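User: Please take a close look at one part of this model, the open sheet and the core it contributes to. I would like one connected account.

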Amino acid sequence: LQLVESGGGLVQPGGSLRLSCAVSGNIGFYVAIGWFRQAPEKERQGVSCVAVSGATTNYVDSVKGRFTITKDNAKNTVDLQMDSLKPEDTAVYYCAATPFEGMELYRLCVTPNAFTQWGQGTQVTVSS
């Protein structure tokens, strides 16, 4: 499975960006796709996740109401719409896939080590 992120960039506080994760390969072995972020000198943090089968989603509290994750099965993409961006959202954003079953999505989303396939990341900078 390969994942390629796109859509990062520089945006002013209060602005919006849409990240896209293009997924190629056999996704049938995977149970969830997640977006993670890592700021300098900070640990990688789960932002939002979506189940591969069905429509279950999860968001970290700091982005609820501002970010929206969507899955397009026809295009094999998982997008992250980010609105009302704040300087603290600045980070490298990664999409990743996990094959682990038997764990609730919200638990998977806070466990980066459960994700085995990762994209290369895309930089998001929120600054005036």
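Analyst: L19 in β3 has L80 in β8 as its bridge partner. The two strands, β3 and β8, pair in the antiparallel sense over 6 bridges; strands are DSSP runs (E, at least two residues), numbered from the N terminus, and two strands pair if DSSP finds at least two bridges between them. This is a predicted model, in which local features need pLDDT of at least 70 and side-chain atom pairs count only at pLDDT 80 or more, while totals for chains, interfaces and linings use all residues. Residues are numbered from 1 along each chain as its sequence is written, and side-chain values use heavy atoms, with hydrogens and water left out.

The open sheet has 4 strands in the order β1-β3-β8-β7, with antiparallel pairing. Because β1 (2-6) and β7 each have a single partner strand, they stand at the edges, and one side of each is left without a neighbour in the sheet.

L80 also belongs to the largest nonpolar core, which has 27 residues; L80 is among those with the most contacts inside it, along with W35, F67, M82 and Y93. Such a core is a set of buried Ala, Val, Leu, Ile, Met, Phe, Trp, Tyr and Cys residues joined through side-chain atoms within 4.5 Å, where buried means under 20% relative accessible area (1.4 Å probe, protein chains only). Strands that each supply at least two residues of this core include β3 (17-24), β7 (67-72) and β8 (77-82). Not counting residues up to four places away in sequence, F67 touches L80, M82 and Y93, among others; contact means heavy atoms within 4.5 Å.

Technical notes. Buried < 20%, exposed > 50% of the residue type's maximum accessible area, 1.4 Å probe, protein only.
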